[in-house]
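Here is my note on the model you sent. Please read the points with the structure open.

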Amino acid sequence: MKLVNIVWISCIFHTLSLAQETLRFNSPLNCNETFLLKENLQPLASQYFDIYQLESSATISKNELEDLATSSYMSFEHRAKDLFSYIIQNHLVSKDTIFHQMALIAFEDNDFQEAIRYFQQLQESSRINNNTAQFLYAYSLFATKEFQLSKEIFEVLRNKQGLFSSHACYYSGMSSFFLGKPDEAIALLSQVDQTEPFKNYTPYYLAQLYYSQGKYLNCQQYIEAIPSNDRNLEMYRILGQASFMLEDYQKADKNLTKYLSTNTGFTSELYFQLAYASYKLQKNDKAKKFFNKIALENNQLSFLANYYLTDLYYQDEAYLKALASTEQLIAQSQDEKLSQNLRYNAGMLAYQTASYRKALDHFNQVSLQSSYRYEANQYINQILQSSEDLDGSIRFIEQLDDKHDFKQTYHELVLKKSRQAFNEAEYSVAKGNLDKISSDTATEKMKSEKNYLLGRIALQAKNTTLAKNQFKRIKQGESKYPFAQYYLGNIFQEELLFDDAIKSYKLSLDHITSSNYSAPVSDNIYLQLAEISLINNDYKNGLKNLKKTTQKSTKVKDYILYISAYQAGKKGDLQQQKNYLTQLTSEYPNSRYTQKANVELAQLYTQENNVDKALDILNQLSNSNDRNIAGDALLQQALLYYNNNQLKESIKLYKRVVETPSTTNQKLSAIAALKEIYLNDLNETNTLFTYLSTNTDYEISSIAKDSLSFKTAHNHVTKGEYHKSIIQLESYLSSYPNGLYIDEAQYTIAESYALLKENQSAYTYYQKVIANPNSIYQLKSTKKAAIIALNQLQDYSSALSYFKSIYKHSSDEAVQLEAAESGLYCSFKLGQVDDIITYGQIVAEHPASTQKNKAKAYYYLGKTQQSASPDQAIKAFNKVVQLLGPAHNISAESTYLLASIFYQKSDLEATERQCLEAIKRASKYPKWVAKSLLLLSDVYLDKEDYLNAKATSEAVIENYKEDASIYQEATDKLILINAAYKKNHLKEDQTNQVEFQDIQNEN
């Protein structure tokens, strides 16, 4: 993706040049310096008095007056002024002398205006010819900003060799500066930069003067010539800034870093210069740190900071952070064209970070006149087409003012929604969406699919006329044509229009081209053609079509053979029936139809009077694990022996039925047969009673009553009269507490309650059956009780106990696996760690487990080990992601949980990487995207990266309002981030202005 375009670059560098100009002309000097000369310019006050001018006074002697004035002046007492006023009024001394003293007193009091007034009076009388007085007069003018006048006097004093020449040179230079003559100021200050006391601070002023005049190379060379020990901290700042302006980023970085290490008064300009220097030196982490310092401010430099942050984040492929910086740029931009480009770039970044709602918002705000609008529309189409939120995508397009570029996407979305609704049997919703497809703008393919779905909907509504009309509109060559012909064949077949049906079926076969559909569709067509042939007694073509089906689908070969045998039997072709059954049993010994086929073969051999063949088959069936088949086989064997007058073998087999876990009906049949043999054939009544009393605990009369009562009650079940069956069977249990059918009666009552959805009552009776260890219904009842306990009662403890029993006692691996999966779920709900680990490992390692089941097992293991064994949990969650990929909710959650574990371990870098991975993987699951963003916000907050912490929380607030808990969490977090930023962000120091320092203090 080309993130930064030419227009943007030109705008950015124009802005940078303006910022540099701002930095250049920010003067380091001001005119507020106050200087107080405190050195004792007169050791004795008498030197300032013209003693000879004193006149005699009637009240005080000349010597006394002199002593009084001197002591008053020297003690800087305010009353000296009053005293001097008195002397002047009484003409005791010359006025010039007093003006001189009054000027000195005003100067010492920092009353420079008053001092100037007295000095000017002295000047008028030409009495001010003393160098000290001239200097003090000039300084008073300087202090009151009379720079031209002060400079004229300082220049005179500078040219004189004496006490004040260097001082005058310094202040003459400063006067030149304030008069707007920086070159003259530099020339004068350079004469005293190595002179005491000016050498301590004049170099700093000179450096600032060079810098403010844009003489960056002079500034750099001047400072570097000064030994580092003689530089004050501000000199490193000026050197860093001058180096920055010279694009000497190595020196800029070095000196600004040194300044920052001992100074907290960095301004936004200094932060930007240091950040930009680091950026140019490819010290990206350092650059990001300092750009972030000013990124949230609202000025031109923060705009530039966000620009460079965007570039740095994009280089690092940290697209989420780049997005936050770009959005900050959008908020700051005043240029409409630039804003449009930024919008497009923000959309691209949001798209890359799977923030699709935000991407849509940015792309949609690109103006219609922008050169990026076409590309933005293409991305909008891609997002809408891949979104799982079909309703939201459809509404988005419907609310647009200009839908021209989205017509095809709109049709695809409503078609997808129609298919989805159709598959979920929401036929009215499907039809409503199909009606939105315009015949004027839809493609032929879309029209074909629309007609196809409308035909399928009409079929569901039993409106075959409308269905036929829709299917007939689909033309040859269109993808739905073969399927439309298939359904037309179904309709014609139901209407007994067999010729039309055959024609449609053949057209369907001729036009099937997709390997994804050809096998199942063609198999069904051949089966339908076979059925039509068999109905028309065209057995030759019927079998021919059946064979074609067999050749095309190995999965239904055994079924086709079994159906073929059944059809042959219906025709009375017993030999052909026997051939199919024999082929089935020999070629597919493990088929689910094999035992049924053997039963039918045994019957065929019996009909042929081939007893030996029949007995061989029945002998094998009698050992089947299926008690129904085993019981039927034993009864059939016993009957064969009986019919051959082999009564002892017959009795032996009937007794086996009675004594083994056969069905109740099989037991009754066996008892009835024994009764007939013993009573009618052998006339051994006592033997029968003894056997029954010994092996069944029933007498003949009890059995007869018991049987009649049970069968009457059970008949209601076969009729679907479950309430009546429950009443009658409960009556049976009450009347026959030791009845032969107690076990089956209790199970039948449980089943009846289950069919009536009275789960608690069903559960009670299943428990009664389970309590009987000899019940043939125990395992079935345990399974059903477990399901009720789990799903309806949510009694996870009882359900877990049942699933443990099923796993332990079932010999069927599939049943065991299912029990282990359910046991794992119950253990997880109960928090039973040992059972979770046991069943989790069974499911995860079972060869018959699907990837989805294994993933769930690892998910539960990970959730269980998350606190106690985080490393094991990491392995488990990684297994979930590996097995399921991104397109599953628990995979999305697992990716987030991995990030939360890394955060728990205080590994912020790993947490950030995993959060970004979770956001990418969980794009279809907004909850985990939001949770990952909130965790990512915590990471940025811990790193004091307030910009990205804030942007990430705001993204959640903007996009996940429908989840109240997540929205509140994001809102609270944003408050916390803002508080942290306000507390920790450095305040901008005072403007870069330097006060002049007192010369005497510097000494």
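1. Confidence comes first. The protein chain has a mean pLDDT (the predictor's confidence in each residue, from 0 to 100) of 77, and 82% of its residues reach 70 or more. Residues 1–79 fall below 50, yet this stretch has 157 contacts (heavy atoms within 4.5 Å) in the model beyond near neighbours in sequence. Residues 986–1003 are also below 50, with 54 such contacts.

2. Ground rules. This is a predicted model: local features need pLDDT of at least 70, side-chain atom pairs count only at pLDDT 80 or more, and totals for chains, interfaces and linings use all residues. Residues are numbered from 1 along each chain as its sequence is written, and side-chain values use heavy atoms, leaving out hydrogens and water.

3. Helix H15 covers residues 284–295. Helices here are DSSP runs (H or I, at least four residues), numbered from the N terminus. Its 12 residues should span 16 Å, because the expected span is 1.5 Å times one less than the number of residues. The end C-alpha atoms lie 15 Å apart, which agrees.

4. Buried residues of H15 (under 20% relative accessible area, 1.4 Å probe, protein chains only) include Asn-284, Lys-288, Phe-290 and Phe-291. Among the elements covering the buried residues are H13, H14, H16, H17 and H51.

5. The largest nonpolar core (buried Ala, Val, Leu, Ile, Met, Phe, Trp, Tyr and Cys residues joined through side-chain atoms within 4.5 Å) has 151 residues; Tyr-170, Phe-291 and Phe-363 touch the most other members. H16 gives the most to this core, 10 residues. Another core, of 86 residues, lies apart from it and includes Leu-733 and Ala-873.

Key
Helices (H or I, at least four residues) and strands (E, at least two) are DSSP runs, numbered from the N terminus. Buried means under 20% relative accessible area, exposed over 50%, partly exposed in between (1.4 Å probe, protein chains only).
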